Amino acid sequence: MRPQIVLFGDSITEQSFRSGGWGAALADTYSRKADIVLRGYGGYTSRLALFLLQYLFPLGSTKPPVATTVFFGANDAALAGRTSERQHVPVEEYKENLRRIVHHLKECSSTMLVVLVTPPPVDEEGRMQYAKSLYGEKAMELPERTNDMAGVYARQCVELARELGLPSINLWSKMQETEGWQKKFLSDGLHLTAEGNAVVYQEVERVLREAWLPASEMPNDFPHHSLIDWKHPEKTFQQQCI
């Protein structure tokens with residue numbers, strides 16, 4: 001049975017299996033090596049994620065995931081008093097929620113590789129333009145998210161990873177290293193373009209590879225066709241089972 005790598009997060013994770021998505025790229029990289037399992041929930045926050053843990057990661061499972069990416073914060077960082085305030089989670093609670101998620105995952109399997117991923121940066125102008133394209137004159141007058149606030153949440157995510165000895169991916173900082181990141185990496189000021197998905201894929205694949213899950217060194221679940229004894233194929237699969 002192939003090992004499982006779970007992608008757990010909000011809409012940026014949910015959309016990752018679309019054409020050009022970072023999850024789809026991981027599935028291709030780990031083809032025949034591991035199953036990339038999508039568990040992304042658009043609009044969810046770290047607060048809501050806590051309610052899912054017992055269902056997605058049941059304690060006592062005989063086959064827990066070997067690795068899980070935890071990618072929340074883009075919605076948590078929505079500003080109180082703005083149009084998306086129902087999603088707002090105070091940053092102190094956000095950090096504690098991530099801690100509780102990690103604790104549950106490690107209770108499922110002490111050897112599970114848990115990777116914390118920060119929210120990406122926010123292009124405030126892009127968010128405003130997107131809202132106007134949907135709602136016209138009724139669109140919000142102020143952005144419901146700001147890049148500075150996303151950075152506050154990103155820093156808490158990275159700090160928690162450091163406290164717990166976990167790998168983290170600071171997308172908020174990484175993407176802003178590229179000139180013109182606002183339109184290059186973000187389609188609506190928040191969600192990812194194909195280029196933005198490529199950044200996430202590269203970073204997640206790097207962390208998995210540098211840990212103990214390099215796809216190139218993992219065995220195939222069944223032999224390559226060139227290794228099959230075509231006259232007596234049963235021998236090949238008997239040996240594989242053994």
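Ala150 is buried in this predicted model: its relative accessible area is just 3%, and buried means under 20%. The residue sits in helix H6, so that helix is a handy way into the fold, and from there we can move on to the nonpolar cores.

**Ala150 and its surroundings**
- Setting aside neighbours within four places in sequence, Ala150 is in contact with Ala77, Pro119, Pro120, Val122 and Trp172.
- Gln239 is another story: 89 residues along from Ala150 in sequence, with the two C-alpha atoms 53 Å apart in space.

**Helix H6**
- With 18 residues at 1.5 Å a residue, H6 should span 26 Å, and its end C-alpha atoms are indeed 26 Å apart.
- The buried residues in H6 are Asn147, Ala150, Gly151, Tyr153, Ala154, Cys157, Val158, Leu160 and Ala161.
- An α-helix has 3.6 residues a turn, so residues three or four places apart point the same way.
- Just after H6 comes Gly165, with a positive phi of about 70°.

**The nonpolar cores**
- The largest nonpolar core has 35 residues, and Trp22, Tyr30 and Leu208 have the most contacts inside it.
- Several elements each supply at least two of its residues, including strands E1 (4–9), E3 (67–71) and E4 (113–117), along with helices H2 (22–29), H6 (147–164) and H9 (194–210).
- H9 gives the most to this core, with five residues.
- Not counting residues up to four places away in sequence, Trp22 touches Leu7, Ile12, Thr13, Ser16, Thr69, Phe71, Leu192, Asn197, Val200, Tyr201 and Val204.
- Apart from this core lies another, of 27 residues, with Val70, Ile101, Val102 and Leu105 among them.

How values were computed: Residues are numbered from 1 along each chain as its sequence is written. This is a predicted model: local features need pLDDT of at least 70, side-chain atom pairs count only at pLDDT 80 or more; totals for chains, interfaces and linings use all residues. Side-chain values use heavy atoms; hydrogens and water are left out. A nonpolar core is a set of buried Ala, Val, Leu, Ile, Met, Phe, Trp, Tyr and Cys residues joined through side-chain atoms within 4.5 Å. Buried means under 20% relative accessible area, exposed over 50%, partly exposed in between (1.4 Å probe, protein chains only). Helices (H or I, at least four residues) and strands (E, at least two) are DSSP runs, numbered from the N terminus. Contact means heavy atoms within 4.5 Å. The expected span of a helix is 1.5 Å times one less than its number of residues.
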